[in-house]
Amino acid sequence: MPRSLLSIASLLLGSAFLFFAGGLTGVLLPVRGGIEGFSSFWLGLLGTGWAVGYVSGCLYVPRIVTRSGHIRAYSVMAACACISILLTSMLMVPIAWVVLRALAGFAFAGAAMIVESWLTERSSSSVRGVIFGTYTMVNLFATTVGQMVIAVVPAEGVHLFTISAIFYVVALLPTALTRSPAPAPLARVTLDVAKLWRNSPIAVVAVFLTGVSNGTFGTLAAVYGRDIGLDLAGIALFVSASILAGAATQIPVGYISDKMDRRYVVIGIAIVAIISDGFFLNNAPKDTWSAVIHAAVFGAAIFTFYPVLVAHANDHAAPEDSLQTSGGLLLMIGVGSIVGPLIAGALMSAWNEQGLFIVTLVSHTLILLYAIWRLTQRKAAPGDEKSRFIPIAPMRTRTPQTILMADQLAEPEADDGGEKATSARQP
C-alpha cells in the first residue's frame, strides 16, 4: 500500500500545489475586490465567470489533450492559471477580473482532469479506494490551508497574488518530471438534459438548484463574512468550516441513503438547509465563532445534496450509462453555479448581505417541494438495484475524470495478471 502511494507521490504533490493556489484565490478575490470597492454584483460575477470557464474546461480540454499530449497540455493549463492571477493583480477592473476568472476556471478544470487521468490509469482495484481517498483528502487539506493563508498575509498589495502564481507554476514541476507513461484519453461527457430527465427528473431539478445554492455560497461567503464584520481570519474560518463539515457529513448521510429511499434523505437535508437559511436571514452572527459554527451546519447540509442526488440518478440508470449520467449532472450543477452568483450578487448590491441567503432559501425550498411531489410520482428503486453512494469533495473542482475515478471503485479487476476488466463505463 505505501509503495502504491509512493508511486503517485509526484502527482499528489502537484495536485496539492494546484489546489492550494485555487483555495487561496477563491477567498482572496472576493476580499480584495471588496477592498477595491467592487460591488457585490461584480463579485458575484466572479463566480459566474469561474463556472463558465470550469464547465468549458470539462468539455474542451479532452480535445486539447488528444492533440498535444498530457504533459504539454498540463503545462499550458498551469501557465494560463498563473497568467490569469498575475493579470488580475495588475488590472483592478471588475470586468477584467471576471474574464480572467473564467480563464482560471478553464485552466483549473483542465489541470485537475489531467492529474486525475494519471491517477485513474495507475490505480488497480486493490488500491483504487485508497488512492481516490488520499487524492480527495490531499486536495481538501491543500484547499483549506490555501484559504487560511489570507489570515496571516495582508490582502492589500500583491503578495497573495504572487504566492498564488508561484504555486500554480510549482504545480507543473512534479507532473513535468514524472516518468509515468501517458495515460488513456480523458473522459468525455455531454449534457443531454432530455435523457437525464427521463432517467431522474428530481436529479435534474435538484442538482441545478444545488448549483445555484452552492455556487452562490462558494462565491459570496467571503463577501458575506466581510459585510457582517468578520476579520480576515474569521472570513477564512467561515469559508473553510462549511467545506470541512460538508466533507465529514457525507459519511453518515451516505450510509443512511444506502439504506432507504434517497428522496427522503434529500427532504431531510433540505429541511436542515432551510432552517440554517432562516437563521442567517433573521439572526446574522455577531461574533466569529457563532458565524463559524453556523457555517459548519450550513455546509453540512448543502454539500451533501449533490452526492445523494447523483447516487439517486444512478439507481435508475443502466450500468453502461453511469459515467454519462454523473457527468451530465456535473455539467448541470455547473450551469446552476453560473446562474446563482449572478442573481445573489445583484440582490446583495441592491439590498444587503442577506441577498445571499435569500437565493439559497428559495433554492432549498424548491428542492424540498419538488422532492415531496416526486415521492407521489415514482416508486423507490429496489434495494438490490441501488448504486453505491460515493462521497464527493465539497469543492467546485469536480471533473468528469473525478467521476470516472469514483465510478471505477465499484468495478471488478479481471483475473489476467492485474489488467483492468473491460467496462462500458470506461471513456
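**Aromatic pairs and a buried threonine**

In this predicted model, ring pairs join F217, Y224, F238, F279, F280, F298 and F357 into a cluster. Across the whole structure, a search finds 20 aromatic pairs. Two of these pairs are described below, followed by the surroundings of T144 in helix α6.

**The pair W50 and F108**

- The ring centres of W50 and F108 lie 5.6 Å apart with their planes at 55°, and because stacked pairs need planes under 30 degrees apart and edge-to-face pairs need over 60, this pair is classed as tilted.
- W50 belongs to helix α3 (residues 40-68) and F108 to helix α5 (residues 94-122), so the pair ties together parts of the chain that are 58 residues apart in sequence.
- Both partners are buried, W50 with a relative accessible area of 6% and F108 with a relative accessible area of 2%.

**The pair F280 and F357**

- F280 and F357 form a stacked aromatic pair, with 4.3 Å from centre to centre and 5° between the planes.
- This pair links distant parts of the chain, since F280 sits in helix α12 (residues 262-282) and F357 in helix α15 (residues 355-375), 77 residues apart.
- F280 and F357 are both buried, and both are members of the ring cluster named at the start.

**The surroundings of T144**

- T144 lies in helix α6, which spans residues 128-148, and its relative accessibility of 13% is under the 20% limit, so T144 counts as buried.
- The side chain of T144 reaches the backbone oxygen of L140 at 2.9 Å.
- Leaving aside residues up to four places away in sequence, T144 touches S240 and L244.

How values were computed
Residues are numbered from 1 along each chain as its sequence is written. This is a predicted model: local features need pLDDT of at least 70, side-chain atom pairs count only at pLDDT 80 or more; totals for chains, interfaces and linings use all residues. Side-chain values use heavy atoms; hydrogens and water are left out. Rings of Phe, Tyr and Trp (its six-membered ring) pair if their centres lie within 6.5 Å; planes under 30 degrees apart count as stacked, over 60 as edge-to-face and the rest as tilted. Helices (H or I, at least four residues) and strands (E, at least two) are DSSP runs, numbered from the N terminus. Buried means under 20% relative accessible area, exposed over 50%, partly exposed in between (1.4 Å probe, protein chains only). A polar contact is a pair of N or O atoms within 3.5 Å; within protein, one must be able to donate a hydrogen and the other to accept it, and residues adjacent in sequence count only if both atoms are side-chain atoms. Contact means heavy atoms within 4.5 Å.
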